[in-house]
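Subject: A structure for you to look at

Dear colleague,

I am passing on the structure that we talked about, and below it you will find my notes on what I found. Please keep it open beside you while you read.

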Amino acid sequence: MSYQNILEEIEDHILTITINRPKKLNALNRETIQELHEAFKAAKTNDEVKVVIITGSGEKAFVAGADISEFADYSPKEGKRLAADGQEKLFNYVANFPKPVIAAVNGFALGGGLELAMAAHFRIASDNAKMGLPEVSLGVIPGYGGTQRLPQLVGKGRAMEMIMTAGMIDANQALQYNLVNHVVELDDLHDFVAKIAGKIMKNSTVAVSEAIRAINANYEDGVNGFEVEINAFGRSFGTDDFKEGTSAFLNKRKADFPGK
Ligand code: COA
């Protein structure tokens, strides 16, 4: 499929999706959100894809936010719809994606950009990255899950301060805040993330997918995560991957998971 605002590359079962509007610091307009949705939807059923890396083009920005020029004259009703559509099509879709999604944060990750990075399953930043939710400086609040996911990751007090001040933190502070898992030099970012993806892909894709679901259950209102875990654990015993993983261990050989 051809896209106007994103690039895709599959290498060694890793799909890298690059948001490609460098002149606008990769700001997310509606079309880009729709294209990202299509790309993730296609990746879901593409057996060649085992891990997704999401990043921004250029050396300056991951994503500098939602495209401000697009919503500057919206009414309250349109604003509400913008947030609801975006959350459904992209941010919740990524968070609940059944294959691992890693954000390679290669520069500014602001507003919707940080929200996208936070929707990914985890984040690796380059040392030039800067992160923040500056929406209140524009007279709005984060609308793509930022008020929910930031406190889950950094704690309520830090999230309150970041959102209320509209300030940015650098990569090392983000590491200290547990907002990102690692910080590496920009030139090493893709290889570093691909290396982690490689480690993930040695494991059972079915089990990894169930683990994503069970971990996410911890953050869903009204859902008992322990129950979700028990059910997913039980289901694992019915998979070919489980048979292969356990028999490989008992026979002192490396597992070759069929992914079923
Ligand atoms: N929406 C729309 N356009 C954006 C954008 C956004 N979120 N972020 C950057 N751009 C555009 C700029 O308007 C500019 O376009 P132009 O060259 O046509 O004027 C271009 O990207 C480059 O940005 P610029 O501001 O000139 O770069 P800078 O290095 O001076 O500043 C930032 C970088 C990230 C500090 C600054 O662009 C910024 O504050 N962006 C908005 C961040 C934000 O508030 N995001 C939350 C949105 S809800």
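How much area does the chain expose, and what share of it do carbon and sulfur atoms supply? The exposed area comes to about 13900 Å², and carbon and sulfur atoms supply 52% of it. Please bear in mind throughout that this is a predicted model, and that the values below were computed from it.

To begin with the chain as a whole, it contains 11 helices and 10 strands, and its C-alpha atoms fill a box of roughly 60 × 40 × 35 Å when this is taken along the principal axes. Because a compact globule of 260 residues would have a radius of gyration near 18 Å, the 19 Å found for the chain agrees with that expectation. Of the 260 residues, 44% count as buried. If we take the contacts with a separation of 6 or more, 67% of them are between residues 24 or more positions apart.

I then looked at strand E7, which covers residues 122–126 and is mostly covered, with 5 of its 5 residues buried. Phe122, Ile124 and Ser126 point one way from the strand, whereas Arg123 and Ala125 point the other way, and the residues on both sides are buried. Which strands pair with E7? One is strand E5 (residues 101–105), which runs parallel to E7 and is joined to it by 4 bridges; here Ala103 stands opposite Arg123. Another is strand E10 (residues 182–184), which pairs with E7 in the parallel sense over 3 bridges, and in which His182 is the bridge partner of Ile124.

The other element that I followed is helix H9, made up of the 13 residues 205–217, which reaches 19 Å from its first C-alpha to its last, close to the 18 Å expected at 1.5 Å a residue. At its N-terminal end the helix is capped by Ser204, whose side chain has an oxygen 3.3 Å from the backbone nitrogen of Val206. The buried residues in H9 are Val208, Ser209, Glu210, Ile212, Ala214, Asn216 and Ala217. When you look at how such residues are spaced, it helps to know that an α-helix has 3.6 residues a turn, so residues three or four places apart point the same way. What do the buried residues of H9 pack against? Their partners are helix H3 (76–95), helix H8 (189–201) and helix H10 (225–236).

With best wishes

Definitions and conventions. Residues are numbered from 1 along each chain as its sequence is written. This is a predicted model: local features need pLDDT of at least 70, side-chain atom pairs count only at pLDDT 80 or more; totals for chains, interfaces and linings use all residues. Side-chain values use heavy atoms; hydrogens and water are left out. Buried means under 20% relative accessible area, exposed over 50%, partly exposed in between (1.4 Å probe, protein chains only). Helices (H or I, at least four residues) and strands (E, at least two) are DSSP runs, numbered from the N terminus. Two strands pair if DSSP finds at least two bridges between them. The expected span of a helix is 1.5 Å times one less than its number of residues. Contact means heavy atoms within 4.5 Å. A polar contact is a pair of N or O atoms within 3.5 Å; within protein, one must be able to donate a hydrogen and the other to accept it, and residues adjacent in sequence count only if both atoms are side-chain atoms. The radius of gyration is taken over C-alpha atoms; the globule rule is 2.2 Å times the number of residues to the power 0.38. Accessible areas come from the Shrake-Rupley method with a 1.4 Å probe; for residues, only the protein chains shown count as cover.
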